[in-house]
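Got your viewer open? Let's take a walk through this structure, one selection at a time.

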Amino acid sequence: MGKINVLSFAVANLIAAGEVVDRPASVIKELMENAIDAGADRITVEIQHGGITLMRVADNGCGMTKEDLPVAIKRHATSKIKEAADLDGITTLGFRGEALAAIAAVSDLRIITRTADAPFGSLLTAKAGEVVGIAEQGCPVGTTVIVENLFANVPARRKFLKKDVSEAIAVGTYVEKIALSRPDIAIRLITDGTMRLDTAGDGDLKSAMYAVFGRDFVTRTVPVSGGAENVRVEGFIGRSDNVRPKRNYENFFINGRFVNSRTAAAALEQAFTSFIPPEKFPCCVLNLTINPAAVDVNVHPAKLEVKFSDERPVFEAVFSAVRTALEANTTRPEIAVKPTPTADRAFVPVEEGRRTSLARDQLTISTAPAEKRPAFEHISAADYAKNYVPRAAAPNPYLEKQRAHAPSERAPGPAAEQKEPAPQPAPAVTAEEAPAWRLVGEVFLTYLLVERGDTLLLIDKHAAHERVLFEELNARRKARGREATQILLLPFDVPLSGEDRETLEANREEVEAVGFAFRLSAHAASVSEIPEGLEPAAAGELLASLAVTLREGTGTAAHADDLHFEKALYQSACKAAIKGGREYPPGYNEELCKKLMALPDVTVCPHGRPVAMELTRAALDRQFKRT
Ligand SMILES: Nc1ncnc2c1ncn2[C@@H]1O[C@H](COP(=O)(O)OP(=O)(O)OP(=O)(O)O)[C@@H](O)[C@H]1O
Ligand SMILES: [Mg+2]
């Protein structure tokens, strides 16, 4: 007997479904795209338990007729294309006729829908891909799709679902992307009964960005409008003071479709070269408009990637539009006289608009190219840093100490003489026992020269700080000691994406053990305590970076085991550490060395990068032929 079986229709369907639908987020994406294709200008998404038990997507689009309903959930059934030639110029988000069939195959599905000219609506019920019933139903014009018990009939797939919170993160991310791609649609996301996102749908991209990222983010962006050779590029980029540790704030849309485009990302990043530090990534929300015939969207089942018939014009369009916007932004005169920025922002809430109406005609003088933000409930880490006085320097009105510290630890160290804010090494690990050594000097603003016994140490300033910071944070975390924190009188906001916020929440215990206290708000973490020894801006960077690295390691927030956290902490310490090539106040280097030298082995960091190099007296003597 032959070994080859022709699979049954049902099994073949399940396999095909897996390509389109692998987790709740992909279901939500497909359902929202259908709503958009149906011409809706209002879409409400509701999920429970990360979408695993329930997802509901309601739109006010064109709806379906009773006859069309059972056809819609068949494979290869679509109203969007008819023949092969139509594939050459796709203008809708869907076209494969696969999504509803795939969703129906792996869940309990209900669709309630009505067209404008039908007196009643209809309800279709399906289980594991089979239609169970079709009935008349009173409902408004539009469509509501309800998906329950996802993958209940596909245990292999269900096993791979992550914790509810992680699935909710993924859903939120897609909904945010779609909200950014279509500012003309009012989009709501309700997760376990809580409203997570609510966009105005007024057609203004700025107001959609405001809803997704918050005001602080929006005020740190500049508009982009440009392009080249039939590719238009419109949207916003983050200013050079609005950068991220990873790529997750780079948002590209091609003809309104959210995609991962390497070409566009490369162009963006190249355009930002020399405007931002090399280890940082820019933020953007950019929509590229291209002739649909020049883009192939049919290369990926979930349509997350596209192929351009020619990559070059896309690269050039993004590069030149972004560069132009950046240059226009930074060539502003040093002293600019300009109206209060609240005046020209359409997205200022009515309340505030009224309050500041007097200020509209006033002129303010700003000494920097950056716009001054209006008053917030909270201030951001970057601004906070300007007003921040190192704890040891003077009694600080912003900071309060809660814990009892040994008086000797409170005594001002060398850093106390600094006049300007400086990154503060935290209290020494065990400085008392430090072996005899002497800081000889610093070269290239990067390396410290230290004499210790018969050796000369060449220390990389940045790597050293990274190492010291990591050791201290990790020691605190392990001791679960909440005493080594600085309490801020004024909490500051660290802007974070939805997924970053959820990651922090999922790892709250560990993050707090490091020395943070934070409350999550709509677009940020409001930070009220930071690890001792860090200045607020650096602490903000540390927190943001922790959120990203924690998630990246395992793809889920749930598996933050000890080692994983340690690794994330180490990578993040790098972000908060002082940089080579920059001058720091006198006394600072001394303090840093003190801590480094107190560590058991100063030459390498926990992950093998060199921190210090040694040159022995004997080796030098040999070179100079003294022996
Ligand atoms: N929310 C909706 N409002 C109106 N019609 C809808 C809606 N959702 C689906 N339909 C109809 O059902 C058809 C099948 O939807 P389905 O998502 O399976 O395929 P598609 O959108 O055509 O292609 P793709 O598989 O690429 O998404 C659509 O072509 C459309 O006619
Ligand atoms: Mg579809």
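## Starting where two helices cross

α6 and α15 make a right-handed crossing. Keep in mind as you look around that this is a predicted model. To find the pair, select residues 164–181 for helix α6 and residues 498–506 for helix α15. Their axes come within 8 Å, crossing at roughly 165 degrees. Anything over 145 degrees counts as roughly antiparallel, and α6 and α15 are therefore roughly antiparallel to each other.

Which residues meet here? Show side chains for V165, I169, T173 and E176 on the α6 side, and for G498, E499, E502 and T503 on the α15 side. Sorted by class, the residues of this contact come out as 2 nonpolar, 3 polar and 3 charged.

Stay on α15 for a moment. Of its 9 residues, 7 are buried, so the helix is largely enclosed by the rest of the structure. The buried ones are G498, E499, D500, R501, E502, T503 and L504.

## Next stop: the α6 and α7 pair

Keep α6 selected and add helix α7, residues 205–213. The two pack at an angle of about 165 degrees, and 8 Å separates their axes. With an angle over 145 degrees, α6 and α7 are therefore roughly antiparallel to each other. Is the crossing left-handed or right-handed? For α6 and α7 it is left-handed.

Now light up the residues that touch: E176, A179 and L180 from α6, with L205, A208, M209, V212 and F213 from α7. This contact between α6 and α7 has 7 nonpolar residues, no polar ones and 1 charged. If E176 rings a bell, that's because you have already met it: E176 of α6 also takes part in the meeting with α15.

## One more partner for α6

Swap α7 for helix α2, residues 24–37. The axes of α2 and α6 also come within 8 Å, but the crossing angle here is roughly 25 degrees. Under 35 degrees counts as roughly parallel, so α2 and α6 are roughly parallel to each other. The crossing of α2 past α6 is right-handed.

There are plenty of side chains to show. On α2, pick P24, A25, S26, I28, K29, M32 and I36; on α6, pick E167, A170, V171, Y174, V175 and I178. By class, the contact of α2 with α6 holds 10 nonpolar, 1 polar and 2 charged residues.

## Two loops with a twist

Select A128, in the loop between β4 (121–127) and β5 (130–137). What is its phi? A128 has a positive value of about 45 degrees, although it is not a glycine. With 42% relative accessibility, A128 counts as partly exposed.

Then jump to F151, in the loop between β6 (142–148) and α5 (155–158). F151 is another residue other than glycine with a positive phi, near 65 degrees. Is F151 buried or exposed? At 1% relative accessibility, F151 counts as buried.

## Two strand residues to click on

Head for R56, which sits in strand β2, residues 54–59. R56 is partly exposed, with a relative accessible area of 29%. Setting aside neighbours within four places in sequence, R56 is in contact with T44, V45, E46, T144, V145 and I146. Try a distance tool between the C-alpha atoms of R56 and R110: they are 9.4 Å apart in space, with their positions 54 residues apart in sequence.

Now pick V295, in strand β14, residues 295–296. V295 is buried, at 9% relative accessible area. What does V295 touch beyond its neighbours within four places in sequence? Its contacts are I254, N255, I290, V306, K307 and F308. Select I90 as well: V295 and I90 are 205 residues apart along the chain, yet their C-alpha atoms are separated by 8.7 Å.

## Zooming out

Clear your selections and take in the whole protein. You're looking at 20 helices and 26 strands. The protein has 627 residues, and 51% of them count as buried. Among contacts with a separation of 6 or more, residues 24 or more positions apart account for 70%.

Finally, switch on a surface. The protein exposes about 29,300 Å², with carbon and sulfur atoms supplying 54% of that area.

Methods
Residues are numbered from 1 along each chain as its sequence is written. Chains are lettered from A and ligands numbered from 1 in the order in which they are written. This is a predicted model: local features need pLDDT of at least 70, side-chain atom pairs count only at pLDDT 80 or more; totals for chains, interfaces and linings use all residues. Side-chain values use heavy atoms; hydrogens and water are left out. Axes are lines fitted to C-alpha atoms, for helices over the stretch in contact, and angles run from 0 to 180 degrees between N-to-C directions. Helices (H or I, at least four residues) and strands (E, at least two) are DSSP runs, numbered from the N terminus. Angles under 35 degrees count as roughly parallel, over 145 as roughly antiparallel, 65 to 115 as roughly perpendicular and the rest as oblique. A crossing is left-handed if the near helix is turned anticlockwise from the far one by less than a right angle, and right-handed if clockwise. Contact means heavy atoms within 4.5 Å. Ala, Val, Leu, Ile, Met, Phe, Trp, Tyr, Cys and Pro count as nonpolar, Asp, Glu, Lys and Arg as charged, and the others, Gly among them, as polar. Buried means under 20% relative accessible area, exposed over 50%, partly exposed in between (1.4 Å probe, protein chains only). Accessible areas come from the Shrake-Rupley method with a 1.4 Å probe; for residues, only the protein chains shown count as cover.
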